[in-house]
Amino acid sequence: FQALDLFYEEPRFGFALATPKKIGVFDDEEARNGLGKGYSQDIVSVVGTLDYQHIYDLKQRIDSNAIFKDRILKKYSLSKNKLKIIVLLYRFYLVPDGKFRMTTKEHIAHHYEMFKTLRDVFSIDEAEIILRMHPTENMMPEIYESYKHLGIKLCYGADTKTDELICLSDLYIADPATSANYLAVGSGVPAIFVNF
């Protein structure tokens with residue numbers, strides 16, 4: 001009869017037909033309008049995220065341990081002497097049909113202007129601008145090729161760690177929708193949350 005249990009095994013939360021007994025979310029906004037939306041607030045608890053402690057500890061280690069910092073800079077082929085600006089883009093071209101949907105061409109053009117403005121302010125000799133591509137984009141870095149002539153460094157692949165790049169950075173720029181913003185806030189790196 002053990003084999004019959006396979007048919008009754010509950011799938012992951014979010015795809016489950018059953019109502020969960022408890023839901024843990026990052027913050028009040030997620031409780032009201034994210035994962036907790038539509039559920040009784042009696043079962044929704046704000047539990048925070050371990051990311052804050054992890055990113056804080058990593059930032060402290062990078063800032064206090066020159067050998068460790070140099071090893072990470074080398075991993076990403078980054079300069080010791082230039083400012084580092086990390087950018088995380090929202091993937092508008094992957095949005096289901098609707099108000100915010102863009103074609104790939106529109107998505108590239110839309111963000112190109114932001115990178116051009118950054119380059120007008122920070123020269124190639126002064127700052128490294130790092131585009132941390134979303135992991136779902138690992139197989140298609142060519143969509144951002146047009147940014148390379150502005151000196152934008154594309155970072156992607158299994159070895160690329162968003163937390164390391166954030167902690168190396170002097171400025172973090174991202175769309176408000178990414179969960180990586182929790183890492184930026186926890187790191188203490190100055191941040192700009194772009195709302196086009």
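Is Glu29 buried, partly exposed or exposed? Glu29 is partly exposed, because its relative accessible area of 42% lies between the limits of 20% for buried and 50% for exposed residues. The tour below begins with the whole chain and returns to this residue later. Please bear in mind throughout that the model is predicted.

**Stop 1: the whole chain**

Display the chain as a cartoon. It contains 6 helices and 7 strands. Followed from the N terminus, the elements come in the order β-α-β-α-α-β-α-β-β-α-β-α-β. The chain has 196 residues, and 38% of them are buried.

**Stop 2: strand 3**

Select residues 83–88, which form strand 3. Of the 6 residues in this strand, 5 are buried, so strand 3 is largely enclosed by the rest of the structure.

Now add residues 127–132, which form strand 4. Strands 3 and 4 pair in the parallel sense, with 5 bridges between them. To see one position in this pairing, select Lys84: the residue opposite Lys84 is Glu128 in strand 4.

**Stop 3: strand 6**

Keep strand 3 on display and add residues 171–174, which are strand 6. Strand 3 also pairs with strand 6, in the parallel sense and over 4 bridges. Here, select Leu88 and then Ala174, its bridge partner in strand 6.

Next, show the side chains of strand 6. In a regular strand, side chains alternate between the two faces of the sheet. On one side of strand 6 are Leu171 and Ile173, and on the other are Tyr172 and Ala174. These four residues are all buried, and both faces of the strand are covered.

**Stop 4: from strand 6 to strand 7**

Which element joins strand 6 and strand 7 in a right-handed β-α-β unit? Select residues 181–187 to see the answer: helix 6 makes this unit together with the two strands. Then add residues 191–193, which form strand 7. Strands 6 and 7 pair in the parallel sense over 3 bridges. Within this pairing, Ile173 stands opposite Ile192 of strand 7.

**Stop 5: a polar contact at helix 5**

Select Thr162, which belongs to helix 5 (residues 162–168). Thr162 has a relative accessible area of 16%, and it is therefore buried. Add Arg132 and show both side chains: a polar contact of 3.0 Å joins Thr162 and Arg132.

**Stop 6: a nonpolar patch on the surface**

Switch to a surface display and select Tyr52, Val185 and Phe193. Together these residues make a nonpolar surface patch of about 270 Å². Tyr52 comes from helix 2 (residues 51–64). With a relative accessible area of 34%, Tyr52 is partly exposed.

**Stop 7: salt bridges**

How many salt bridges are there? The count comes to 7, and three of these are visited here.

- Select Glu29 and Arg32. Their side chains meet in a salt bridge, with an N to O distance of 3.2 Å. The two residues are 3 residues apart in helix 1 (residues 28–33), which means that about one helical turn separates them. Arg32 is partly exposed at a relative accessible area of 49%, and Glu29 is likewise partly exposed, at 42%.

- Select Lys80 and Asp70. A salt bridge of 3.4 Å, N to O, is formed by their side chains. This pair links distant parts of the chain, 10 residues apart: Lys80 lies in the loop between helix 3 (66–75) and strand 3, whereas Asp70 lies in helix 3. Lys80 is exposed, with a relative accessible area of 58%, while Asp70 is partly exposed, with a value of 30%.

- Select Asp120 and Lys116. The salt bridge between their side chains has an N to O distance of 4.0 Å. Both residues belong to helix 4 (residues 104–121), where they are 4 residues apart, about one turn of the helix. Asp120 is exposed, with a relative accessible area of 61%, but Lys116, at 35%, counts as partly exposed.

**Final view**

Return to the cartoon and colour strands 3, 4, 6 and 7. Strand 3 pairs with strand 4 and with strand 6, and strand 6 pairs with strand 7. Each of these pairings is in the parallel sense.

Technical notes. Residues numbered from 1 in each chain as written. Predicted model: local features only at pLDDT ≥ 70, side-chain atom pairs only at ≥ 80, totals over all residues. Heavy atoms only, no water. Patch = residues over 30% accessible without salt bridge, like charges linked within 9 Å, V, L, I, M, F, W, Y side chains within 5 Å. Areas by Shrake-Rupley, 256 points an atom, 1.4 Å probe, with all protein chains shown as cover. Buried < 20%, exposed > 50% of the residue type's maximum accessible area, 1.4 Å probe, protein only. Pairing = 2+ DSSP bridges. Right-handed = clockwise from strand over helix to strand, strands pointing away. Polar contact = N/O pair within 3.5 Å; in protein donor to acceptor, adjacent residues only side chain to side chain.
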